[in-house]
Amino acid sequence: MRNYRLSGIAAVVSAICVASCTGSARIEGTVSDAPSSEVIVKLLDVNRYQVLDTVPADASGRFRYKLKVEKGQPEFVYLFHNDTRIASLLLQSGDKVKVTADTLGTYSVSGSDETQKLMEVEKDEAEFSNKMLAASDRLQDLDPASEEAAALKRKMSQDYVDYYRGRVKYILSNSHSLTVIPVLYQVVGESLQVFGQATDAIHFKNMSDSLSTVYPDSKYVKALQKEATRRQQLLSLSARISNAEEAGFPDLNMPDINGKKIKLSSIDSKVVMLYFWTSADAAQTMFNTDVMLPVYKDYHSRGLEIYGVCADTDKAAWASVVKNQNLPWVNVCDGNGSASPAIALYNVQALPVSYFIVDGKLVASDVKDEASLRKFLNSKL
């Protein structure tokens with residue numbers, strides 16, 4: 001009898017533990033202008049959306065949904081109607097939120113302080129982005145040499161500085177809120193990163209350190225820590241570049257397919273494309289023939305040279321690719337793969353990646369497709 005009672009108590013304790021350790025969040029919502037439709041629930045899986053479910057809305061547009069949210073691991077959850085994002089939520093375990101939205105993306109939320117912050121962050125970002133895009137469109141219609149164009153450029157620059165300062169103030173004031181993560185990754189237009197300066201590595205590091213004390217198990221925080229490390233390494237690289245006395249960039253001296261060492265600094269061309277790749281990846285070998293060769297043919301006579309560093313351990317396989325594809329530029333490989341000093345020196349995190357040395361100075365402009373590569377070369381040659 002005693003053993004039975006102990007077993008029963010253990011079962012109850014176990015059930016309580018499971019219930020307390022496995023949390024959830026509930027969403028009650030209304031899509032005001034889409035009765036009897038469907039709401040798609042998506043989870044942000046660090047850098048991509050993961051579809052969790054498709055939830056039917058009744059004749060009044062109401063829907064309900066419950067999702068798993070572990071304690072200490074808030075989740076970014078987004079609601080979609082067809083392809084339109086209609087609400088953004090940052091949910092913690094135990095949250096019960098009410099959402100009112102329309103199919104255009106206007107929404108309100110109650111029951112989640114973090115979601116309220118996220119709403120304000122996204123609202124500010126949208127307003128700034130729309131302002132900058134409108135100014136950019138207007139600039140296209142002006143004479144580049146006019147005073148009006150110059151004044152508009154100055155205003156756009158000041159608007160960016162003001163917005164950047166505001167975002168810095170936000171992350172410093174909310175250093176324990178996961179909403180600082182989307183702020184750090186904000187991009188205006190197609191490519192203007194709000195926190196895109198090399199010295200912004202400091203903000204990434206400070207925020208990742210702060211958030212890790214509150215959410216040590218969060219996948220978002222762990223991803224931020226990796227990005228903070230990458231940016232710190234780039235900042236270190238920038239410092240080494242600025243301190244380089246002779247070449248203006250970290251020099252390399254690596255063997256070609258004949259075993260002859262060739263210095264990067266020995267190449268006398270207006271633009272040198274420092275290209276890191278691997279012959280073990282079929283897509284990268286195809287890139288050689290489909291993109292690199294045509295571009296080289298068009299721009300070599302105008303002052304382009306390529307210094308291709310292959311991060312392979314099989315030098316024979318690399319040399320075979322170089323010969324079979326008749327790659328005419330400088331091709332080097334030391335056979336050390338990812339352990340190559342060249343990989344460490346240029347902080348190569350993934351392949352392929354490229355840098356450009358323009359008039360003897362390193363320009364960290366990574367382009368991976370033919371259109372952007374030609375656009376860059378046209379601006380320099």
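How many bridges join β16 to strand β17 (residues 361-363)? In this predicted model, three bridges do so, and the two strands run antiparallel. That pairing is a good place to begin a walk through the structure.

**Strand β16 and its partners**

Strands β16 and β17 form a hairpin with two residues between them. In the turn, D359 has a positive phi of about 50°. Within the hairpin, I357 stands opposite L362 in β17.

β16 also pairs with strand β13 (residues 271-277), through six bridges in the antiparallel sense. Here V271 is the residue that stands opposite V358 in β16.

What covers β16 can be read from its residues. Strand β16 (residues 353-358) is largely enclosed by the rest of the structure, because six of its six residues are buried. Both of its faces are covered: V353, Y355 and I357 are buried on one side, while S354, F356 and V358 are buried on the other.

V271 leads on to a glycine as well. G303 lies in the loop between α7 (282-299) and β14 (304-310). Although G303 and V271 are 32 residues apart along the chain, their C-alpha atoms are separated by 6.1 Å. G303 touches S269, K270, V271 and L381, leaving aside residues up to four places away in sequence. G303 counts as buried because its relative accessibility is 17%, and the cut-off for buried is under 20%.

**A four-stranded sheet**

Strands of a sheet pair through backbone hydrogen bonds, either parallel or antiparallel. One open sheet here has four strands in the order β4-β1-β7-β8, with mixed pairing. Its edge strands are β4 (62-68) and β8 (107-110), each of which pairs on one side only. From one strand to the next, the twist averages 20°.

Inside this sheet, strand β1 (residues 24-31) and β4 pair in the antiparallel sense over seven bridges. I27 has Y65 as its bridge partner in β4.

**The nonpolar cores**

In soluble globular proteins, nonpolar side chains tend to be buried together. The largest nonpolar core in this model holds 62 residues, and I27, L79, V99, L178 and F195 touch the most other members. Helix α3 (residues 147-173) gives the most to this core, with nine residues. A second, separate core has 26 residues, among them V271, M292, L304 and L377. V271 thus ties several threads together: this residue stands opposite V358 in β16 and is in contact with G303.

L178 offers a view of the surroundings of one well-connected core member. Not counting residues up to four places away in sequence, L178 touches P74, F76, L90, E114, L211, Y215, S218, Y220 and V221. E114 appears again below, as a salt-bridge partner.

**Charged side chains**

Side chains of opposite charge can pair when their charged atoms come close. The count for this model comes to 16 salt bridges. Three of them are set out here.

| Salt bridge | N to O distance |
|---|---|
| R62 and D58 | 3.7 Å |
| K117 and E114 | 3.8 Å |
| D209 and K205 | 2.5 Å |

R62 and D58 are both partly exposed: the relative accessibility of R62 is 48%, and the relative accessible area of D58 is 33%.

Buried or partly exposed: which describes K117, and which describes E114? K117 counts as partly exposed at 31% relative accessibility, whereas E114 counts as buried at 9%. About one helical turn separates K117 and E114, because they are three residues apart in helix α2 (residues 113-140).

D209 and K205 are four residues apart in helix α5 (residues 201-214), so about one helical turn lies between them. D209 is partly exposed at 34% relative accessibility, and K205 is partly exposed too, with a relative accessible area of 29%. Elsewhere, E227, R230 and R231 are joined into one network by salt bridges that share partners.

Finally, what does K42 have in place of a salt bridge? K42, in strand β2 (residues 38-44), is buried without one, and the nearest side chain of opposite charge, D83, is 6.0 Å away. The cut-off for a salt bridge is within 4 Å. Beyond residues up to four places away in sequence, K42 touches Y49, Q50, V51, L52, F76, V77, Y78 and F80. One of these, F76, is also touched by L178.

Notes. Residues numbered from 1 in each chain as written. Predicted model: local features only at pLDDT ≥ 70, side-chain atom pairs only at ≥ 80, totals over all residues. Heavy atoms only, no water. Buried < 20%, exposed > 50% of the residue type's maximum accessible area, 1.4 Å probe, protein only. Pairing = 2+ DSSP bridges. Axes fitted to C-alpha atoms, helices over the stretch in contact; angles between N-to-C directions. Core = buried A, V, L, I, M, F, W, Y, C linked by side-chain atoms within 4.5 Å. Contact = heavy atoms within 4.5 Å. Lys, Arg positive; Asp, Glu negative; His and termini not counted.
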